[in-house]
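Dear colleague,

I am passing on the structure below, and after it you will find my notes on its charged pairs and its surface.

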Amino acid sequence: MATVGFTLTFWAWNLISPLGSWYGDRLSLSSFQQSLLVAVPVLVGSVGRIPAGALTDRYGAKLMFPLVSALTVVPVLLLIVVKDSYGLMLAVAFLLGLGGTTFAIGVPLVNSWFPPVKRGFALGVFGMGMGGVALSGYFTPRIAKHGENLPFVVVAIALAAYAVLAALLISDRPDRPVPAASLGRRLGQAGRLRVTWELSALYAIGFGGIVAFGVYLPTYLKTWYELDPTDAGTKAAGFALVTVVFRPFGGWLSDRLHPALVTAAALAVVALLAIVQAFDPPLDPGGTVALLIMAAGLGTASGSVFALVSQVTPQAQVGSVTGIVGAMGGLGGFVPPLVMGAIYSAKGSYSIGFMLLSDLALAGCVYAYGRMRTLRADEGGDGNRGDDGTGPADVSKVAARRT
């Protein structure tokens with residue numbers, strides 16, 4: 001149920017991107033304006049994960065999942081009303097970001113139901129819900145051919161139906177720890193953990209790369225390789241599908257190897273293939289192969305980073321830490337579309353953008369191998385929690401012991 005909800009809300013979250021070129025032509029948008037339109041939901045959905053995760057720690061996914069799914073119906077339907085105004089489209093895109101917050105709701109739910117040795121794979125399976133981006137890329141433009149408003153109606157109905165089912169079928173673990181501290185205090189505690197920001201940086205590269213490609217790849221393929229919107233959306237959906245398949249693989253592999261080693265290897269692959277794509281190979285087969293291998297690397301890294309989160313975060317703080325890490329991952333997807341659009345507008349090329357991706361991936365690879373592999377799996381766990389939700393497993397203490 002968590003994975004299905006994550007998938008549907010991610011589809012809603014990504015509704016604008018597959019139709020970005022259509023909106024661009026309809027509203028006579030520049031490349032940067034179009035990039036901003038598809039990036040705004042990413043920004044809001046990312047930042048919104050911080051309170052969503054903390055609220056899930058307190059009130060549980062049984063309340064949060066159906067509530068957020070139902071509220072997301074509102075901006076989905078509003079897209080029908082505001083399609084002829086760029087300013088109103090930006091405002092609704094802001095509200096549409098709500099659909100991107102469910103990641104921080106599902107992680108603590110799934111994490112609580114599985115033992116530590118299986119959490120990497122379980123969270124990887126849940127992470128396959130980001131395949132909602134692939135579903136959106138493939139189905140949204142095709143459904144739109146039968147009626148320009150039809151995609152929004154279909155997604156709204158699906159979200160409403162899921163909200164009802166989630167309220168009936170989702171169950172929080174009965175013995176899950178419920179923190180007594182206030183929302184601000186819990187977020188402050190999570191924010192003071194050094195590992196929160198280390199994981200955030202790695203996730204901003206891995207998952208941020210996935211989100212960035214998910215929202216901008218259709219525009220890139222249409223602009224640079226001159227594909228029609230449907231074909232561009234189909235190929236972008238193929239990219240997203242590969243990331244979906246490799247995310248549980250990254251979690252599964254992290255259950256057997258140290259997650260930091262898996263992350264380092266995956267980001268090294270991304271760095272190499274980003275350089276290849278920077279030289280603008282023909283789409284068939286060079287560009288296609290390069291983009292798909294990058295997708296595999298980004299998907300693997302996303303799964304392995306959250307295997308680290310599950311190992312080193314106290315159960316009562318998983319939602320709060322997940323919210324921050326997930327937010328940084330989403331913000332990692334907000335900036336690249338704007339950068340790519342701005343670079344193309346200024347230089348008429350995307351090569352600089354791919355080289356920047358390569359630099360970031362290489363930096364993440366070095367940091368994951370040089371620093372994060374010193375975290376041992378047995379240094380995580382729930383520990384004995386105090387009244388404020390912390391305990392011996394607090395990662396700051398782990399860091400102190402390691403030092």
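In these notes a residue is called buried under 20% relative accessible area, exposed over 50% and partly exposed in between, with a 1.4 Å probe and protein chains only as cover. The model is a predicted one, in which local features need pLDDT of at least 70 and side-chain atom pairs count only at pLDDT 80 or more, while totals for chains, interfaces and linings use all residues. Residues are numbered from 1 along each chain as its sequence is written, and side-chain values use heavy atoms, with hydrogens and water left out.

A search of the whole structure gives four salt bridges, each defined as a side-chain nitrogen of Lys or Arg within 4 Å of a carboxyl oxygen of Asp or Glu. Arg 26, Lys 83, Asp 84 and Glu 148 are linked in a network of such bridges. Asp 84 pairs with Arg 26, their closest N and O atoms being 2.6 Å apart, and this joins the loop between α5 (61-81) and α6 (86-96) to helix α2 (residues 20-27), 58 residues apart; helices here are DSSP runs (H or I, at least four residues), numbered from the N terminus. Arg 26 also meets Glu 148, at 3.8 Å from N to O, and these two lie 122 residues apart in the chain. Glu 148 in turn bridges to Lys 83, with the closest N and O atoms 2.4 Å apart.

Within this network, Asp 84 is exposed at 52% relative accessibility, Arg 26 is partly exposed at 34%, Glu 148 is partly exposed at 36%, and Lys 83 is buried at 12%.

With best regards
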